[in-house]
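Okay, thanks everyone, I'll keep this short. I'd like to walk you through one chain, and please have the viewer open so you can follow along.

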Amino acid sequence: KPRRQPTPETFDDIARVPLFIKYPGQTEGEIDDRNAENVDIFPTVLDVVDIDADDLTLDGTSLLQTDRDRPDKRIWP
C-alpha cells in the first residue's frame, strides 16, 4: 500500500515527531522546544554515559549541551 504524500495542509501535523528522553536520575520532566534531529540522539547517549566523543566525527550534537543552537527546522522528504 503506498504511503500518502504530505500536502501543505497536512505537513505541519505529520512532520513533527515528539522525542521523549528520560535521563538516569531524572525525577521531573521538562519541555525543551529547541530544534533537534535524529542525529542528535547518539551524541546525547554518549554524553549521558560520559563517553568522550571528541575523536569521533558526529553530525549531531548532544541535547544536554546548553549552548547548542539549531535554528533551522530541516525536514527531508
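I'll start with the chain as a whole, then go through a few residues one by one. Keep in mind that this is a predicted model.

So, the overall picture. The chain has two helices and zero strands. How much of the chain is buried? Out of 77 residues, 14% are buried. The chain exposes about 7200 Å², and carbon and sulfur atoms supply 52% of that area. As for contacts, take those between residues at least 6 apart in sequence: 47% of them join residues at least 24 apart.

Now go to helix H2, which covers residues 41-48. Which residues of H2 are buried? Pro43, Thr44 and Leu46 are. They sit on the same side of H2, because they cover an arc of only 160° around the axis. As a reminder, an α-helix has 3.6 residues a turn, so residues three or four places apart point the same way.

Step back from H2 into the loop between helix H1 (11-15) and H2, and you find Asp40. Buried or exposed? Asp40 is buried, with a relative accessible area of 0%. What does its side chain do in there? A polar atom of the Asp40 side chain lies 2.9 Å from the backbone nitrogen of Thr61. Leaving aside neighbours within four places in sequence, Asp40 is in contact with Gly60, Thr61, Ser62, Leu63, Arg68 and Arg70.

Two residues from that list deserve a stop of their own. Take Ser62, in the segment after H2. Ser62 is buried too, at a relative accessible area of 4%. A polar atom of its side chain lies 3.1 Å from the backbone nitrogen of Leu64. And what does Ser62 touch? Not counting residues up to four places away in sequence, Ser62 touches Asp40, Pro43, Thr44, Asp47 and Arg68. Pro43 and Thr44 are the ones I mentioned among the buried residues of H2. For Asp47, we can put a distance on it: the C-alpha atoms of Ser62 and Asp47 are separated by 6.6 Å, with their positions 15 residues apart along the chain.

Next comes Arg68, which is also in the segment after H2. Buried or exposed, this arginine? Arg68 counts as buried, because its relative accessible area is 8% and the cut-off for buried is under 20%. Its contacts, again without neighbours within four places, are Arg34, Asn35, Ala36, Asp40, Thr61, Ser62 and Leu63. Arg68 and Asn35 are 33 residues apart in sequence, and their C-alpha atoms are 9.6 Å apart in space. If you put the lists together, Asp40 is in contact with Ser62 and Arg68, and Ser62 touches Arg68.

Let me follow Arg34 for a moment. How many salt bridges does the structure hold? One. It joins the side chains of Arg34 and Asp32, at 2.7 Å from N to O. Arg34 is partly exposed, at 31% relative accessibility. Asp32 is partly exposed as well, with a relative accessible area of 40%.

Okay, over to the other end of H2. Just after H2, Asp50 takes a positive phi of about 60°. I'm flagging Asp50 since it does this although it is not a glycine. Most residues other than glycine have a negative phi. Is Asp50 buried or exposed? At 70% relative accessibility, Asp50 is exposed.

Last stop, the surface. Which residues form the nonpolar patch there? Leu19, Ile21, Ile41, Phe42, Val45, Val48, Val49, Ile51, Leu56, Leu58 and Leu64 do, and together they have about 870 Å² of accessible area. One of them, Ile51, is in the segment after H2, and it is partly exposed, with a relative accessible area of 47%. Leu64 is in the patch too, and you'll remember its backbone nitrogen from the Ser62 side-chain contact.

That's my tour. If you look at one thing afterwards, have a look at Asp40, buried at 0%, and at its contacts with Ser62 and Arg68. Happy to take questions.

Notes
Residues are numbered from 1 along each chain as its sequence is written. This is a predicted model: local features need pLDDT of at least 70, side-chain atom pairs count only at pLDDT 80 or more; totals for chains, interfaces and linings use all residues. Side-chain values use heavy atoms; hydrogens and water are left out. Buried means under 20% relative accessible area, exposed over 50%, partly exposed in between (1.4 Å probe, protein chains only). Helices (H or I, at least four residues) and strands (E, at least two) are DSSP runs, numbered from the N terminus. The arc is that of the directions from the helix axis to the C-beta atoms. Contact means heavy atoms within 4.5 Å. Accessible areas come from the Shrake-Rupley method with a 1.4 Å probe; for residues, only the protein chains shown count as cover. A polar contact is a pair of N or O atoms within 3.5 Å; within protein, one must be able to donate a hydrogen and the other to accept it, and residues adjacent in sequence count only if both atoms are side-chain atoms. A salt bridge is a side-chain nitrogen of Lys or Arg within 4 Å of a carboxyl oxygen of Asp or Glu. Patches are made of residues with over 30% relative accessible area and no salt bridge: like charges are joined within 9 Å, nonpolar side chains (Val, Leu, Ile, Met, Phe, Trp, Tyr) within 5 Å.
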